[in-house]
Amino acid sequence: MAACNKGKQHFWLGVSLLVILAGAMASIALFNGTSLRLDIQQRLQGPSPGHLFGTDALGRDIFSCLLFGTLVSLAIALLAVLISVVSGSLLGFAAAWQGGLVNTCIMRGADFILAFPGILLSLALMAFWGPGISNLILALVFSGWASYARLVRGEVLKIKDREFIQAARGFNASVRHIAVNHIAPLLFPLLLTQAVMGIAGVILLESSLSFLGLGLDPRLPSLGQMIDAGRGHIFVKPALILLPGGCLVILIAAFLFLADGIGTCAGSGHFAKSS
Amino acid sequence: MNFFYLKKAVAFIVFLWTAGSMIFFLVHAIPGDPVVAMLGKMPSAEDVRRLTRSLKLDRPLAEQYAHFIKKTITMDLGESLVDRKPVADAIMNYFPNTVILAFSAMILSLLIAFPLALMAAFKKNSCWNILSMGFSAFGLAMPSFLLGLLLIILFSVQLKLLPVSGSGGPEFLILPALTLAISLSAFLTRTIYTTVANELRQPYVLLARAKGLSDVRIFFQHILKNALIPITIIIGLQLGALLSGTIVIENIFSWPGIGTLLITAVRQRDFPMIQGVTLFMAFFYLLLNLLIDMSYPFIDPRIRHGRLQ
């Protein structure tokens, strides 16, 4: 239980980081308004009442870019992880349940993906496909599904011959019923931990790709793109790097803490006791 | 035992072949005409026809694929579209720099991670523990490209001690190697700590303590041998982070390695170069992993005698 207390601390630390970030952004947005308008005459201005953090090299309000970039990073990470978890779980379940050729095909595919670092795969895909939001999500899912598939397959193999599953089969329950009502609740804590950790990883991956110009459309402000654009003005205005960098670190740290908290407590919760 | 090597070698070849095929089909999956995509905006019909012929894109897909495999096996990766020089030559020119950077970063990260992790494991509930766990949490949450830029702001812009970017003397190597080393050692510290802390709970350590051995001797004579396998596995896994890290870090510091080569090729839409560099990276990464897998029996006699898998 002591481990869980520490986990709880980490969980609430993660939550409060996210709440503080969201609260700060929402309050500034409420009082100052946001606009992504280009105003080239106002480029690289210092902080002023109109632009709380000043303006970037294209004369855009830095705070508005930060807000937009953070939301975009978050949305892409959530979407990519959601698709990865769903497709990875289904494939992993199919591999464990069916066995045989299905298992071989799916798991060798996963082995292949996991044999390479995620960024290399996504980078190669984006290099051929070119930047863009749907390409980016596809590339992230392509490198992301395999770890969930492996996790789900391993767990399903462990429980598929247990008595309660055999009982359900004895009652002629459908595969879908067993998967949804008997297996999914047991896997949920593990998958949740892995997925929250995955969000941190995907935010990192997405920002690295955007930083290299291979993520979103380079004209849209995203955190990685802002840091990349700030490199040209590193001597004049380091804030162009420090502000989006700070947002990025807070986001990633928040999700890592959340995952740590959920993981520690899920291991000592009532799920573990029942098994 | 021989079966172990055989399995690893077969997996290596199959993965490499899959990676090659994937890269081949990716070029063909470029939306629209790949040649038009390569030539950029408004190419002339003559240019399109010439490039199509020279890349053999007017041939049937199966023939192109066979040609691609044959050429790749003979280490012929085609010519760059930008300067018409062989891709393999460019890779060989740039690759040594990547090796220098990656190698110095690896050494540096071991030098950072081992002392931190060992102090934390041996002196539990001390400030070392907090320091090393704080360091590794910091490193895990900090993207390497951001860390690189922060180090530039600190050492080059504020203190004016080191050059911002480029290559030349050893002073150009310090910042990129340090950046990579810090992001690597974050994970390494945590893993070495967990492994060593786990070994410290084993009965043989209790016995060694009872014999009156010092912590230093316990570590070098007893723990290190047992902890080496998990640590080697992690270092092997870290090679992936190292390789992908170099892509980003080289780009920040304009270090002339294959990461810079790849990103430049992407910006110039130089597809033969992208194809060649990604294939080479995949090859090199798989090769390193194969070597690491094959080294386990040498490191741990229990695996050598088939008692532990």
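**Exercise 1. Work out how many helices and strands chain B has, and how its residues are arranged overall.**

*Solution.* Start with the secondary structure of this predicted model. Chain B contains 13 helices and 0 strands. Reading along the sequence therefore gives the pattern α-α-α-α-α-α-α-α-α-α-α-α-α, with helices and strands taken from DSSP runs.

Next, look at the overall dimensions. The C-alpha trace of chain B spans about 85 × 55 × 30 Å along its principal axes. Of the 309 residues in chain B, 35% are buried.

Then turn to the contacts. Taking those between residues at least 6 apart in sequence, 69% join residues at least 24 apart.

Finally, check the confidence. The average pLDDT of chain B is 82, and 94% of the residues score at least 70. For the model, ipTM is 0.80 and pTM is 0.85.

**Exercise 2. Describe how helix 9 and helix 10 of chain B cross, and find which residues meet.**

*Solution.* Two packed helices are described by the angle between their axes and the distance between the axes. Begin with those two values: helix 9 (residues 203-210) and helix 10 (residues 215-253) of chain B have axes that come within 11 Å and cross at roughly 150°. The crossing of these two helices is right-handed.

Now list the residues on each side. Helix 9 of chain B brings Tyr204(B), Val205(B), Ala208(B) and Arg209(B), which meet Ile218(B), His222(B) and Ile223(B) of helix 10 of chain B. Sorted by class, this contact has 5 nonpolar, 1 polar and 1 charged residues.

**Exercise 3. Compare the span of helix 4 of chain B with its expected value, then look just past its end.**

*Solution.* Helix 4 of chain B covers residues 61-73, which is 13 residues. From first C-alpha to last it reaches 18 Å, close to the 18 Å expected at 1.5 Å a residue. Just after this helix, Met75(B) has a positive phi of about 65°.

**Exercise 4. Is Lys8(B) buried, partly exposed or exposed, and which residues does it contact?**

*Solution.* First place the residue: Lys8(B) sits in helix 1 (residues 2-28) of chain B. Next, count neighbours. Lys8(B) has 16 C-beta neighbours inside 10 Å, so it counts as partly exposed.

For contacts, set aside neighbours within four places in sequence; Lys8(B) then touches Leu290(B), Asp293(B) and Met294(B). By contrast, take Gln275(B), 267 residues from Lys8(B) along the chain: the two C-alpha atoms are separated by 25 Å.

**Exercise 5. Find where Asn172(A) and Ser254(B) lie, and why each has its exposure class.**

*Solution.* Take Asn172(A) to begin with. It is in the loop between helix 6 (163-170) and helix 7 of chain A, and its phi is near 65°, a positive value in a residue other than glycine. Asn172(A) is exposed because 7 other C-beta atoms lie within 10 Å.

Move on to Ser254(B), in the loop between helix 10 and helix 11 (258-267) of chain B. Although not a glycine, Ser254(B) has a positive phi of about 45°. With 13 other C-beta atoms within 10 Å, Ser254(B) is therefore partly exposed.

**Exercise 6. Determine what each chain gives to the contact between chain A and chain B.**

*Solution.* Chain A contributes 29 residues and chain B contributes 32 residues. On the chain A side, the elements giving two or more residues are helix 4 (118-129), helix 7 (175-211) and helix 9 (239-268). Helix 9 of chain A supplies the largest share of that side, 7 residues. By class, the chain A side has 24 nonpolar, 4 polar and 1 charged residues.

Notes. Residues numbered from 1 in each chain as written. Chains lettered and ligands numbered in written order. Predicted model: local features only at pLDDT ≥ 70, side-chain atom pairs only at ≥ 80, totals over all residues. Axes fitted to C-alpha atoms, helices over the stretch in contact; angles between N-to-C directions. Helix = DSSP H or I, 4+ residues; strand = E, 2+ residues; numbered from the N terminus. Left-handed = near helix turned anticlockwise from the far one by under 90°. Contact = placed C-beta atoms within 7 Å. Nonpolar A, V, L, I, M, F, W, Y, C, P; charged D, E, K, R; others polar. Buried ≥ 20, exposed ≤ 12 C-beta atoms within 10 Å, placed from the backbone. Expected span 1.5 Å × (residues − 1). pLDDT = per-residue confidence, 0-100.
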